[in-house]
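New to this one? Take a moment to scroll through the sequence and turn the model around before reading on.

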Amino acid sequence: MTGTFHHRQELLRREAEAQLRDRPLPTWQKRVLHRFAAERDNGWYPLLNQFAPHTPRQRPDLVLVGRMGVLVVLLREAEPDWEDSRAAFVWTAELLAGAAIGSGMLSESVLRTVVVHPIEHTGRKGRSADHLAITEDELDRLLKRGERILTADEALALAKHLDSRTFDLTPIMWNSQRIPRQRGSVPEVLQEPVAPSSRRPFRDWRYFLDDAQLGAVRRSFSGPAQISGPAGTGKTTLALHRLAYLARRGDGKLLYTAPLDRVPERAAGRFGQMAPELSGQIEFASLHGWARDFLAGRGRSADVDEQEVRRAFDAVWSRDEVLRGVRNSREYWKDEIDRVIKGRGISSLDAYRTVSRKGRGGQLPADFRSHAWRFYCDYERELSERGVFDHNDVLKRALAELERRPLPRQYTAVVVDEAQELTVIGLRLAHAISGDEPDQLLLVGDGQQQALAGGWRLSDAGISLHGRGEVLRNDYRNRGMVLERAGQVEAINRYDDGPSLPLSAALPVRSGGRVVEWHGEDQERALLGALLALDDGSSAAIITQSESATEHWLRVLRDAGITTLPLATWDGRDTSDTLVGTVLEAKGAEFRTVFLPAEPAPPADSHEDRETHERRRLVAMTRAQDHLWLSHLH
């Protein structure tokens, strides 16, 4: 059998040699092309530039399409300039723009630029920001290794698409007119570009974009812009593709940031899988982490002692009786300082008396605001006496330092994910990092998923969008039944006043799914039974509203002998452990199955707490791709 295989390979090589005999190609390039052509039976479709070996330097010598993606190949004696490598990629990407396959609209993440050198090449090899450089004896790295991200039918459809779009590329060893049209080829799937996704795993949608997403990736914005849409509509995926798109068109650094620590870390992992050759151009950091590193680089102290900050607040809280009489909630008044007073940069009692407390419930009477202000001043004194500062201080210090001495070179672009969780000071800092030039600042968020207290308007941070935004509607994460149930949650949007869409108006791309509404008294036994009944080995998570509930369920699972992993320490990679964590820790993630145990609801008279509770519940429910388990205690 092995002999038969090698005999077939040799026949294909000889056929390619005959086909290319009249081409005045260097001997080493012919060897490479013969090798590519011999892979036809393995689903690779080579298209040679008709001008080779005199290919324009900013065009590919060859495009190779197969199940591991589209390879933009440059056959070069010496390393090409990055401008040439990037231009060849862009040229190919533009040919593929709008190509439809069975999974939806194609994104640029399936493309890779590869420079192939002759075997005697002694220069630099390996990955760079623009391409992978190898010699002709390393072709198996391209042809045999890597994740399969296209089906055989999709690879053929894309090869045919390229052949039909330009006369510059000529098929080698295959003829699109003679190969029988297969199911899933371009004309057929154009009639229904989205529905087939219900047969594909969710992760495949990290490689494909629909019309609206693809348009937003490529759109040029004249200033700060915003991407919004309900949970599961691919906002983060779009943001990562846009970063890749911009990185391939410039040589500057780009920044992806978010107000929550784990979101950038998990996004970095996804981007590394999607476009590893560009990872060096993109910086992933939480906004607080960026500010801390920036201040440290300027010789400014920037570390936050979490325990000492907590002690400073508790010392003031223990002495106060007035605020406890208004609302006996430590967290409420901590949010008032963090999200309203310090979060909005309020510097005087007069300003605090008149500021809108959007998202904080009823208005505080003037005398209560005066007392809250005194409470804040006492807290600031405690911090000062202890020689510490909190996270808001880090953002304020970084903003002041940027105003004193701006960055020597602006980032090419800044993407702020989970923007609805930012404070006004955080928004101002992101704006100061990016600037107002075209395509420099992109805010990504959804008010229904705001899990932290408070609200604001973009104008409070001096940001104007002037209609520069996109609203996504197709839900790719949640199956129909999960989306329908989550859409019933009354999650009030307090984020800005721009265009938005409620989850109930999202369109499910993937039908089916399962929602279990359990009612009873012993939810521990019920949840453990449902968890142990899972037989597909897929990811499962228990998501809670509070840290105390997370600790409880970690103990319950461990006592039952179930391997667990706290969401707070999970890096986003596949794991067979059951994940347990809070809603905030689950942000930026999704799981095949999600369990939501019942927890005490906020008091009936706490309007804003109930709003936050419902928004967090929506976030937790929409982490589920296929299966959602809800508990209702009696």
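What follows is a short tour of the sheet, the cores, the salt bridges and one arginine.

Keep in mind that this is a predicted model.

**The sheet and its helices**

Let's start with an open sheet of six strands, paired in parallel and ordered E12-E11-E13-E14-E10-E15. Which strands stand at the edges? They are E12 (282–286) and E15 (469–471); each has a single partner strand, so one side of each is left without a neighbour in the sheet. On average, neighbouring strands are turned by 15 degrees against each other, ignoring direction.

At the E15 edge, the partner is E10 (residues 225–228), and the two pair in the parallel sense over three bridges. If you want a spot to zoom in on, Gln 226 stands opposite Gly 469 in E15.

Helices lie across these strands, too. Helix H9 (residues 262–274) crosses E11 (254–258) and E12, and runs at about 155 degrees to E12. Helix H17 lies across E11, E13 and E14, at about 145 degrees to E14.

**Nonpolar cores**

In soluble globular proteins, nonpolar side chains tend to be buried together. Here, the largest nonpolar core has 34 residues, and Trp 290, Val 416, Leu 427, Leu 429 and Ile 433 have the most contacts inside it. At least two residues each come from helix H10 (287–297), H16, strand E13 (413–416), helix H17 (424–434) and strand E14 (441–445). H17 gives the most, with six residues.

Val 416 is a good place to look around: leaving out residues up to four places away in sequence, Val 416 touches Thr 257, Leu 422, Ala 430, Leu 441, Leu 442, Leu 443 and Val 444. Apart from the largest core there is another one of 29 residues, including Ala 239, Phe 271, Leu 278 and Ile 282.

**Salt bridges**

How many salt bridges does a search of the whole structure find? The count is 36. Here are a few of them.

| Pair | N to O distance |
|---|---|
| Arg 31 and Glu 136 | 2.8 Å |
| Lys 125 and Glu 138 | 3.6 Å |
| Lys 342 and Asp 390 | 3.0 Å |

Take the Arg 31 and Glu 136 salt bridge. Arg 31 sits in helix H2 (residues 27–37) and Glu 136 in the loop between strand E8 (132–135) and helix H4 (140–143), so the pair ties together parts that are 105 residues apart in sequence. Arg 31 counts as partly exposed at 41% relative accessibility, while Glu 136 counts as buried at 13%.

Now for Lys 125 and Glu 138, which also meet in a salt bridge. Lys 125 is in the loop between strands E6 (111–117) and E7 (126–127), and Glu 138 is in the loop between E8 and H4, so this pair joins parts 13 residues apart in sequence. Lys 125 is partly exposed, at 40% relative accessible area.

Are Lys 342 and Asp 390 buried or exposed? Both are buried. Finally, salt bridges also form a network linking Glu 308, Arg 311, Arg 319, Glu 382 and Arg 386.

**A buried arginine**

One last stop is Arg 510, in strand E17 (residues 507–510). Arg 510 has a relative accessible area of 0%, so this residue is buried. What does the side chain of Arg 510 reach at 2.8 Å? The backbone oxygen of Arg 477. The side chain of Arg 510 also makes a polar contact with the side chain of Asp 626, at 3.1 Å.

Methods
Residues numbered from 1 in each chain as written. Predicted model: local features only at pLDDT ≥ 70, side-chain atom pairs only at ≥ 80, totals over all residues. Heavy atoms only, no water. Salt bridge = Lys/Arg side-chain N within 4 Å of Asp/Glu carboxyl O. Helix = DSSP H or I, 4+ residues; strand = E, 2+ residues; numbered from the N terminus. Buried < 20%, exposed > 50% of the residue type's maximum accessible area, 1.4 Å probe, protein only. Core = buried A, V, L, I, M, F, W, Y, C linked by side-chain atoms within 4.5 Å. Contact = heavy atoms within 4.5 Å. Polar contact = N/O pair within 3.5 Å; in protein donor to acceptor, adjacent residues only side chain to side chain. Pairing = 2+ DSSP bridges. Axes fitted to C-alpha atoms, helices over the stretch in contact; angles between N-to-C directions.
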